[in-house]
Amino acid sequence: MIRQVMSETVTYMWRNKKNRLVMILCLGAVLLHSLLVLPNTPGQNEVDITELERQMEGNRQTFEDQLEKGLTVPSVMTGTSAYEIARNEYVAQRELLTALNNGDVRRYLEIPYRPIPQGATIEADRSFNVPFQIIGDDKEKFFTKQKTDYYLNEAEPLTFHMVHERTSLQQVHLFFIGLGPYIVLLLLLFMISDVITKDRSLRTQKAGIPLNWFGYLFTQSVTAFGFVTLFLAVLGGLFILLNGLLHGFGSLAMPVGAMGEAAAAYSALPYVTMEVGSFLLKSLPYAFLLMYGFTRLNTLFSLILRHDVVTFIASVFVLLFPQLYYSPGTEELLGIPLSFYPQTYYHFGDVVTSRLNVPYERGLFVLAVTVIVLELLNFGAAKLFKRQNFVR
């Protein structure tokens, strides 16, 4: 009977029109990001070659005009001249352009000069980037120096896509320190919101299944959880393959930003790095516990509320509840440290990289205890809202 329940649940989720629509939209989002958005989104300190050449030409004309006029003597007030400034910047720009045209990534990183984007270029970049702030690239700009040291001394082979964080593994990391955890959980809740409540329209068939009510609900939940997990794994694998072919797969040893331990009680946390492979490995237990926990929360709400839309809204409220009280300076809720609340760990990317400054192991313990509590609540709800009362 367990196999029958699992088969029926998988069949229902696969044939469900809203689930198919979501899966198609997710596939489209992956293609759109890799093929269109990422190639046209400037990386951290990335140089626009067209703009660089335009500035070079302007500087060349400036210092040649000054040379023809004989205005090369430094000013008494400033100690320099327009000729010297334009010529020095032209030389630096020419060296940078040569490194870019030759594909010499290490030389590109060693050159300290970077052109200042003009106002129109800045506004164009902003107008393109605003709708796509799902990934957390803004959080990584503080770790440029540490990453550059790795690229110069250890990375082999080194590519511009790696430096500008377009490789597959780097993009997955940026997704999880951005809005990725919330998007994954929202997809889960949307796809499973009606798995339990659909039985109310199939009364005759479901009322007589020779499987205890709690076991039946548990089997449905685990099957739905497995279905969504498999879909997300396939989607992630597809993205890694497609993006890897276009921009490189990256290495598990690549550095990603993290916060270290403070040297003293009131000193600032130092900027350090960790390997992207370690980040992904540490993220998996959090992703598993959160997804499973919300699956069982959906089962509990389905029993109590008995309507898929209301169940989905209630689950989303639980997911977004921390936004009502949390801010970077918040340390306690109702006099209890935030590290003891499960909702603190929804954004597990920030937990793994220590940006939230909460213990990694404590988060796993709190989530595990939360899952146990949810199982007990589901067991009690199954006793209170029996099969006959729920289905009919």
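This text leads through a predicted model, going from the whole protein to a strand pair, a helix and a patch on the surface.

Taken as a whole, the protein has 17 helices and four strands, and buried residues make up 44% of its 392 residues. Among the contacts whose separation is 6 or more, 75% are accounted for by residues that lie 24 or more positions apart in the chain. The accessible surface of the protein comes to about 20900 Å², and carbon and sulfur atoms hold 64% of that area.

From this overview one can turn to strand β1, which covers residues 255-259 and is mostly covered, since five of its five residues are buried. Pro-255, Gly-257 and Met-259 point one way from β1, whereas Val-256 and Ala-258 point the other way, and all of them are buried. In a regular strand the side chains alternate between the two faces of the sheet. The partner of β1 is strand β2, made of residues 271-275, and the two strands run antiparallel, joined by five bridges. Within this pairing, Gly-257 stands opposite Thr-273 in β2.

Among the helices, α16 is formed by residues 360-384, and its 25 residues reach 36 Å from the first C-alpha to the last, which is close to the 36 Å expected at 1.5 Å a residue. Several of the residues in α16 are buried, including Tyr-360, Gly-363, Val-366, Leu-367 and Val-371, and further along the helix Leu-374, Glu-375, Asn-378, Ala-381 and Ala-382 are buried as well. What covers these buried residues of α16 includes α12, α13 (276-305) and α15 (348-352).

Helix α12, which takes part in covering α16, also appears in a feature on the outside of the protein, for α12 (213-247) and α2 (17-37) each supply at least two residues of a nonpolar patch. This surface patch is formed by Leu-27, Leu-31, Leu-32, Leu-35, Leu-36, Leu-238 and Leu-246, which together have about 560 Å² of accessible area. Helix α2 gives the most to the patch, with five residues. One member of the patch, Leu-27, is found in helix α2, and Leu-27 counts as partly exposed because its relative accessibility is 36%, a value that falls between the limit of under 20% for buried residues and that of over 50% for exposed ones.

Notes:
Residues numbered from 1 in each chain as written. Predicted model: local features only at pLDDT ≥ 70, side-chain atom pairs only at ≥ 80, totals over all residues. Heavy atoms only, no water. Patch = residues over 30% accessible without salt bridge, like charges linked within 9 Å, V, L, I, M, F, W, Y side chains within 5 Å. Areas by Shrake-Rupley, 256 points an atom, 1.4 Å probe, with all protein chains shown as cover. Salt bridge = Lys/Arg side-chain N within 4 Å of Asp/Glu carboxyl O. Buried < 20%, exposed > 50% of the residue type's maximum accessible area, 1.4 Å probe, protein only. Expected span 1.5 Å × (residues − 1). Contact = heavy atoms within 4.5 Å. Pairing = 2+ DSSP bridges.
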